[in-house]
Amino acid sequence: MPATELRRRAAPPARHDVAAVRRDFPILGTMTGGKPLVYLDSAATAQKPQAVIDAVTRFYETGNANIHRGVYRLSEAATAVYEAVRRQIATLINAAAPREIIFTRGTTESINLVAQSYARPRLAAGDEIVLTAMEHHSNIVPWQLAAAATGARIRVAPVTDVGELDLGAFARLLGERTRLVAVAHTSNALGTINPVREIVGLAHERGIPVLVDAAQALPHGTVDVRALGCDFLAFSSHKMFGPTGVGVLYGREALLDAMPPWQGGGDMIAAVTFEQSTWAELPAKFEAGTPNIAGVVGLGAAVDYLGTLDRTAVAAHEAELLACATERVAAVGGVRIVGTAAHKAPVLSFVMEGVHPHDIATILDADGVCVRAGHHCAQPLMQRLGVAATARASFALYSDRSDVDALVASLGRVRTVLGR
Amino acid sequence: MSDLGELYQSVILDHNRAPRNCRRMDDADCQAEGYNPLCGDRLKVWLKLDDAGVITDVSFEGIGCAISQASASLMTTSVKGRTREEALALFDCFHDLVAGDQPPPAGGAALGKLAVFSGVREYPSRVKCASLAWHALRSALESGASV
């Protein structure tokens, strides 16, 4: 055995240096309402490292020009940076080629693109789209629109009481009329990680394509589209430490090629006359109009930033933090954890007996603790689990024990404030 | 950030713990549902009016935060015995109190106990919680106008 391999084996597993990472995120050193910020809403949007903020600023200060049209150097450089990020994303998710990467405004727009351009022209009355009961509204409503326009219908795979997908029931829903499966990789409301590979396997046995909503997956780990085998994958820059207003749609080239453009405009055409226009090749066909260039540059910086971290160590840190937070929050009087799947991202949804989640969030906010309260854009899931709303603390690679301490201390005050 | 006590005043906490007129009404003259899409909270309001347009009974049912429950409860105690027009005028006063861009109106006397909701304006995301029951009341009164 070579000496280097021996050394590698002997080396202790790398630990995630969360203190160093926290220093990379300037907002974590700020105050809110006179209290140090305790940011526990990363599932809504993640904070940005200085490297991303700087990349966006630098682009506007020294690199800004429109892309794909200028013949001058500044525009060519902007185009090169933009296209480099496309290659970076293709590598990140192991797409077969950069032209399988479409930049959008976000996960929502990515899903709408597939619903309108892939599903809608293929759907007929009586056809079916299979979703799960834990989908975010953005993976429900676009399919409802396509279904309403075509007479297709939505079938919903149930979740269990602990918030896991009932895989057997899901498999039984797949039938002759199923045209597409759309499923969350990771639930935004509960943190449940779905068995995407099995889901794709079951669907592909019947020749059904699968769209994966990976918005909550990318911030916590790597996603390999070819290992998963999915046909479409959607995610957002802002949840993975990049700027808002940028998202990605991955699609298998053969599928994207066969799809008509969704929006018309500049940059997506080969030639235009008033009689007829011809479409540009992939990926430009789906990128009408000037995109969020600086946002894409920022996304590239976020991917670079993630590349400097040991993602396995980050995942171990987040798992440890979730376990600690789950135990300590569950021990607060009257609290019940909602969503206790075996495989979870660091998302902790909970309710407190006799206290509405909105009151919890307002009271926590007075202590500088930011949590989400409400239905988390997953009303059908809330209904299934028999709660009107939950409070949700969600963690990211910069979260640490001090955040959990602040959360638990503040939760302990909620009943006192409400005189209960 | 204002002090939490400004928001969660004792009258509000009391009405949250023991909401008044919190029941279904099967023989109502009009009813309406309030829905807050932000949090998914729903609230139903029932009204009985006499021939002169006076609200003789009012009740509500629903789930919501302390602010919305207390507001619904205090809404019922504030409009009972008032005419439809008086209740609608009170809606406007209450709306100005919690959501107006002007400082709270000096004529707070009309609001009575409802003035305890003055702290809500410091919490923009909670304004809808406080006004949910009032919007349902207005819908019920307006739908009931044609009955």
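The following exercises, with worked solutions, concern strands and sheets in a predicted model.

**Exercise 1.** Determine which strands pair with strand S8 (residues 210–213) of chain A through S7(A) and S9(A) contacts, and in which sense.

*Solution.* Step 1: strand S7 (residues 178–184) of chain A is joined to S8(A) by four bridges, and the two run parallel. Within this pairing, A:Val183 has A:Val212 as its bridge partner. Step 2: between S7(A) and S8(A) the chain passes through helix H8 (residues 196–205) of chain A, a β-α-β crossover that is right-handed. Step 3: S8(A) also pairs with strand S9 (residues 232–236) of chain A, over three bridges and again in the parallel sense. Here A:Val212 stands opposite A:Leu233.

**Exercise 2.** Decide whether the residues on the two faces of S8(A) are buried or exposed.

*Solution.* Step 1: a residue counts as buried if 20 or more other C-beta atoms lie within 10 Å of its own. Step 2: on one side, A:Val210 and A:Val212 are buried. Step 3: on the other side, A:Leu211 and A:Asp213 are buried. Both faces of the strand are therefore covered.

**Exercise 3.** Describe the open sheet of chain B and the helix that packs on it.

*Solution.* Step 1: three strands, in the order S1-S2-S3, form the sheet with antiparallel pairing. Step 2: strand S1 (30–36) and strand S3 (55–62) of chain B are the edge strands, each pairing on one side only. Step 3: from one strand to the next, the twist averages 20°. Step 4: strand S2 (residues 41–49) of chain B is joined to S3(B) by seven bridges, and B:Lys48 has B:Asp57 as its bridge partner. Step 5: helix H3 (residues 66–79) of chain B touches S2 and S3 of chain B, and its direction makes about 170° with that of S3(B).

Key
Residues are numbered from 1 along each chain as its sequence is written. Chains are lettered from A and ligands numbered from 1 in the order in which they are written. This is a predicted model: local features need pLDDT of at least 70, side-chain atom pairs count only at pLDDT 80 or more; totals for chains, interfaces and linings use all residues. A residue is buried if 20 or more other C-beta atoms lie within 10 Å of its own, exposed if 12 or fewer, and partly exposed in between; C-beta atoms are placed from the backbone. Two strands pair if DSSP finds at least two bridges between them. A crossover is right-handed if, with the strands pointing away from the viewer, the path from the first strand over the helix to the second runs clockwise. Axes are lines fitted to C-alpha atoms, for helices over the stretch in contact, and angles run from 0 to 180 degrees between N-to-C directions. Two residues are in contact if their C-beta atoms, placed from the backbone, lie within 7 Å.
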